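Reader: I would like a close look at one part of this model, followed by whatever in the rest of it bears comparison. Please keep to what can be computed from the atoms.

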Amino acid sequence: MSRLAHSALHRVRPGLAAITAVAAVVAVGVGQSTATAAGPPSVPRAQDSGSGAHREGTPSGVSTLSATLTTPWGISFLPGKKSALVTERDTGAVWKVALDGAKKKVGTVPNAVWSQATQDKGGLLGVAASPTWNGTTDKAVFFMETTSADNRVVRMNFNGTSLSGYTPILTGIVRDTQHNGGKIAFGPDGYLYVTTGDAQQSKLAQDKKSLNGKILRITKSGAAAPGNPFGTRVYSYGHRNPQGLAWDRNGRLWETEIGESTWDELNLVKPGGNYGWPQCEGGCSVAGTKNPKMVWKPDQGGVPAQIAIVKNVIYATTLSGKRLWRIPIDSTGQGVLPATAYYNGAYGRLRALAKVPGADQLWLGTSDRGTAKDLLLKVTIK
């Protein structure tokens with residue numbers, strides 16, 4: 001499959017309608033592959049056969065929390081645990097959504113550009129509230145957006161009711177119609193992590209001087225965070241189109257990444273790590289690169305978007321796969337156990353995902369169903 005053909009897997013599918021909320025559970029086994037055309041070396045593969053293991057942290061129910069959204073992309077809970085900010089990719093709008101699903105539009109982020117006509121997958125992407133946000137002495141919330149000129153991280157003020165101000169803190173990330181990354185999240189260390197795509201210029205992923213094809217780690221002012229492996233904003237490199245970030249109970253960083261035509265990836269990210277693109281897609285034997293912990297076939301439940309971790313189990317949404325994957329972390333913390341898929345096709349493409357603070361619950365967003373047709377779902381984990 002060509003790069004262009006694989007891009008089509010990610011495109012908007014207008015007119016997707018919700019199927020019933022009752023979904024079949026698809027059990028998934030994991031097999032070991034060798035370094036042949038059949039698969040990457042020694043990397044577990046998600047596939048629709050077998051049965052899952054490690055039953056702690058299993059979805060026990062799903063319900064509609066909020067409706068009439070248009071392509072929700074990012075979810076960030078505000079400190080205080082009573083509400084979250086939710087971004088809409090296509091409109092640039094930001095909603096405050098309460099735990100009971102009540103929502104209120106609090107503003108828009110200026111300069112975000114998105115176009116269905118050109119299949120431009122930019123727009124308003126990730127959101128992250130300052131870990132010390134309180135709406136008074138700390139009003140800072142952060143967004144990643146695609147403008148007409150670049151991808152950028154911006155800071156705005158949020159007083160609990162409305163957004164104001166607009167301050168770019170990191171600009172000049174090369175933008176493209178497809179590979180823009182876009183996830184931002186504060187880590188346990190208090191610094192902001194930013195995923196950036198290769199902008200369909202694959203050589204940028206291996207260029208440590210470029211901001212593209214990376215996971216960046218920055219301060220609230222946009223500077224390189226102290227302790228970064230190269231003394232720059234770069235935390236890891238060799239990424240094609242990283243989409244999801246989450247930390248497990250031991251503070252380890254996990255990431256999902258959309259591949260080109262053969263494999264999508266789940267990675268355990270180490271500072272300074274080279275994740276191989278474009279030399280590697282999925283696992284490979286190139287010296288100095290790190291192999292993923294699990295891979296998906298793009299057309300077999302793959303094209304992963306975002307992740308969240310509940311009870312040390314990774315949950316991953318998929319776009320073309322249209323399902324939520326449950327991927328337990330193993331006892332070493334360095335790998336994963338067999339995976340299981342839920343809600344296969346029941347809600348269409350799935351993207352936005354976040355753990356509800358203080359509860360064993362997920363908020364899950366549908367994607368690309370049409371204007372005011374997307375949902376926020378609440379998934380209970382037992």
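Author: What follows starts with one glycine and its surroundings, then turns to a sheet, two cavities and a run of hairpins. The model is predicted.

The glycine is Gly-238, which sits in the loop that links β16 (234-237) to β17 (242-247). Gly-238 has a relative accessible area of 0%, and because buried is defined as under 20%, Gly-238 counts as buried. Several residues surround Gly-238 from elsewhere in the sequence. With neighbours up to four places away in sequence set aside, its contacts are Ala-205, Gln-206, Gly-213, Glu-257, Asn-274, Tyr-275, Gly-276 and Trp-277. For one of them, Tyr-275, there is also a backbone distance: its C-alpha atom is 4.6 Å from that of Gly-238, although 37 residues separate the two along the chain.

The strand that precedes this loop, β16, belongs to an open sheet of four strands. The order in that sheet is β13-β14-β15-β16, and the pairing is antiparallel. Its edges are formed by β13 (184-186) and β16, each of which pairs on one side only. On average, neighbouring strands here are turned by 20 degrees against each other, with direction ignored. The partner of β16 is β15 (residues 214-218), and the two antiparallel strands are joined by three bridges. Within that pairing, Ile-215 has Ser-236 of β16 as its bridge partner.

Next come the cavities. Searching the whole structure gives two of 30 Å³ or more. The second largest has a volume of about 40 Å³. Its lining consists of Arg-240, Glu-257, Ile-258, Gly-259, Glu-260, Trp-263, Glu-265, Trp-277, Cys-280 and Glu-281. Among these are Glu-257 and Trp-277, both of which are in contact with Gly-238. Sorted by class, this lining holds four nonpolar, one polar and five charged residues.

The largest cavity has a volume of about 170 Å³. It is lined by 15 residues, and those nearest its centre are Lys-121, Gln-178, Asn-241, Gln-243 and Arg-351. One of these, Asn-241, belongs with Gly-238 to the loop between β16 and β17. Here the classes divide into four nonpolar, seven polar and four charged residues.

For another part of the chain, consider strand β6 (residues 83-88). All six of its six residues are buried, and the strand is described as mostly covered. Ser-83, Leu-85 and Thr-87 point to one side of β6, while Ala-84, Val-86 and Glu-88 point to the other, and burial applies to both sets.

β6 has a pairing with β5 (residues 72-77), antiparallel and made over four bridges. Ser-76 has Leu-85 as its bridge partner in β6. These two strands form a hairpin with five residues between them, and in its turn Gly-80 has a positive phi of about 115 degrees.

β6 also pairs with β7 (residues 93-98), again in the antiparallel sense, through five bridges. In this pairing Ala-84 is opposite Val-97 of β7. The hairpin of β6 and β7 has four residues between the strands, and Gly-92 adopts a positive phi near 75 degrees.

Methods:
Residues numbered from 1 in each chain as written. Predicted model: local features only at pLDDT ≥ 70, side-chain atom pairs only at ≥ 80, totals over all residues. Heavy atoms only, no water. Buried < 20%, exposed > 50% of the residue type's maximum accessible area, 1.4 Å probe, protein only. Contact = heavy atoms within 4.5 Å. Pairing = 2+ DSSP bridges. Axes fitted to C-alpha atoms, helices over the stretch in contact; angles between N-to-C directions. 1 Å grid on protein atoms, 1.4 Å probe; cavity = no way out; pocket = protein on both sides within 12 Å on 5 of 7 lines; lining within 4 Å. Points joined across faces, edges and corners; volume = space filled by probe spheres on them. Nonpolar A, V, L, I, M, F, W, Y, C, P; charged D, E, K, R; others polar.
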